[in-house]
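Me: Could you walk me through this structure? I would like to know what lies behind the words people use for it.

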Amino acid sequence: MSKKEWLACLEEMDAMFPDAHCELVHRNPFDLLIATLLSAQCTDKLVNRVTADLFQKYHTPEDYVSVSLEELQQDIRSIGLFRNKAKNIQALSQILIDEQGGIVPADRDLLMTLPGVGRKTANVVVSVAFGIPALAVDTHVERVAKRLGLNRWKDNPLQVEETIMKKTPADDWSKTHHQIIFFGRYHCKSQNPGCHICPLFDRCREGQKREKKGLIKHEIVTEVN
C-alpha cells in the first residue's frame, strides 16, 4: 500500500471515529502507566472497572509499595496475569521512588527499563500523557495494518510501528494510533469484521480475500412503501 493510499485510509478512519482517544481512565501519567501495564492481554473495559477502585486506594508509587504483594494481588485479581502484574507494579514503583523522585519520566527508553513496561506501554505513556509523537502497536493496530496490506502478515509489531510511522506525518502519529485502535476495536474486529459496510473495502487486501471466499454477508435492504 502506497503512502497516498494509506493516508486516504486514515481520512476514512477519521471520518468514522473523529473523537478517537485513549479509553483507559487515568488522572495523571502514573495512573496511565499502571492502567496500560494492566491492559496487557486484557480489555480496556475490564481495566477501567478494576482501576475505578484501585485508583481510589492508590495515588502514588509510595502507596503501591506500602502494602504487601498479596494485598495488591487481591486488588487486581480479576485482571489476567494479576500476580506478575502486581509484582511489576511494586517493582517499578520502587524504582520510580529511588531513581526518579516518584515521577514518571517522559522518555520512552527510560520507561522501557521499568519492570513490565514494553515498547507499546512506553509509547502509550509518552504519547497520551506527555503529548510526544509516538505510535503504539497493540493487537488492533497490528491486525488492521496487516489486513489492509500496509504490512506483511509475518511482520512483527516493531516492523508495523516503523511502517506506519514512515507513511504517516509525525505530528499525526498519536492521533493515528487511536483512530486505528477504534477502527479495529469497533469495526474491523478480530471476529466478524464489518467488511460489508466498510468504506475501506475496495482498498483492503483481506476484505477482497474474504469476498472471494464467500465469507462476507452483505446486508439486503428492503424498501418499505
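Reply: Happily! This is a predicted model, and a good place to begin is its largest pocket, where α3 (44-57), α8 (119-130), α9 (139-148) and α11 (173-186) each supply at least two residues of the lining.

Me: Which of these helices gives the most to the lining of the largest pocket?

Reply: That is α11, with five residues. The whole lining counts 23 residues, and those nearest the centre are Cys-42, Asp-44, Asp-138, His-140 and Arg-185. The volume of this pocket is about 560 Å³.

Me: What makes a residue part of a lining?

Reply: A lining residue has an atom within 4 Å of a point of the pocket. For the largest pocket, 23 residues line it. By class they divide into seven nonpolar, 10 polar and six charged.

Me: How do you know where empty space is left?

Reply: A probe the size of a water molecule is rolled over the atoms, and that shows it.

Me: What is the volume of the second largest pocket, and which residues line it?

Reply: Its volume is about 180 Å³. The lining includes Thr-36, Leu-37, Ala-40 and Gln-41, along with Leu-81, Asn-84, Lys-85 and Asn-88. Two or more lining residues come from each of α2 (29-38), α6 and α8, and α6 gives the most, with three. Sorted by class, this lining has three nonpolar, seven polar and two charged residues.

Me: Why is Ile-76 called buried?

Reply: Buried means a relative accessible area under 20%. Ile-76 has a value of 0%, so it is buried. Ile-76 sits in the loop between α5 (69-75) and α6 (82-100).

Me: Which residues does Ile-76 touch, leaving aside those up to four places away in sequence?

Reply: They are Leu-38, Val-50, Leu-54, Phe-82, Lys-85 and Ala-86. To count as a contact, heavy atoms must be within 4.5 Å. One of these partners, Lys-85, also lines the second largest pocket.

Me: How far apart are Ile-76 and Thr-51 in sequence and in space?

Reply: In sequence they are 25 residues apart, while their C-alpha atoms are 8.3 Å apart.

Me: Where does the name "HhH-GPD" come from, and which residues does it cover?

Reply: It comes from a UniProt domain annotation, in an unreviewed entry, that covers residues 38-186. In the model, that span is 65% helix and 0% strand, and the C-alpha atoms at its ends lie 21 Å apart.

Note on methods: Residues numbered from 1 in each chain as written. Predicted model: local features only at pLDDT ≥ 70, side-chain atom pairs only at ≥ 80, totals over all residues. Heavy atoms only, no water. UniProt positions renumbered as here; feature names shortened; annotations may be inferred. Helix = DSSP H or I, 4+ residues; strand = E, 2+ residues; numbered from the N terminus. Buried < 20%, exposed > 50% of the residue type's maximum accessible area, 1.4 Å probe, protein only. 1 Å grid on protein atoms, 1.4 Å probe; cavity = no way out; pocket = protein on both sides within 12 Å on 5 of 7 lines; lining within 4 Å. Points joined across faces, edges and corners; volume = space filled by probe spheres on them. Nonpolar A, V, L, I, M, F, W, Y, C, P; charged D, E, K, R; others polar.
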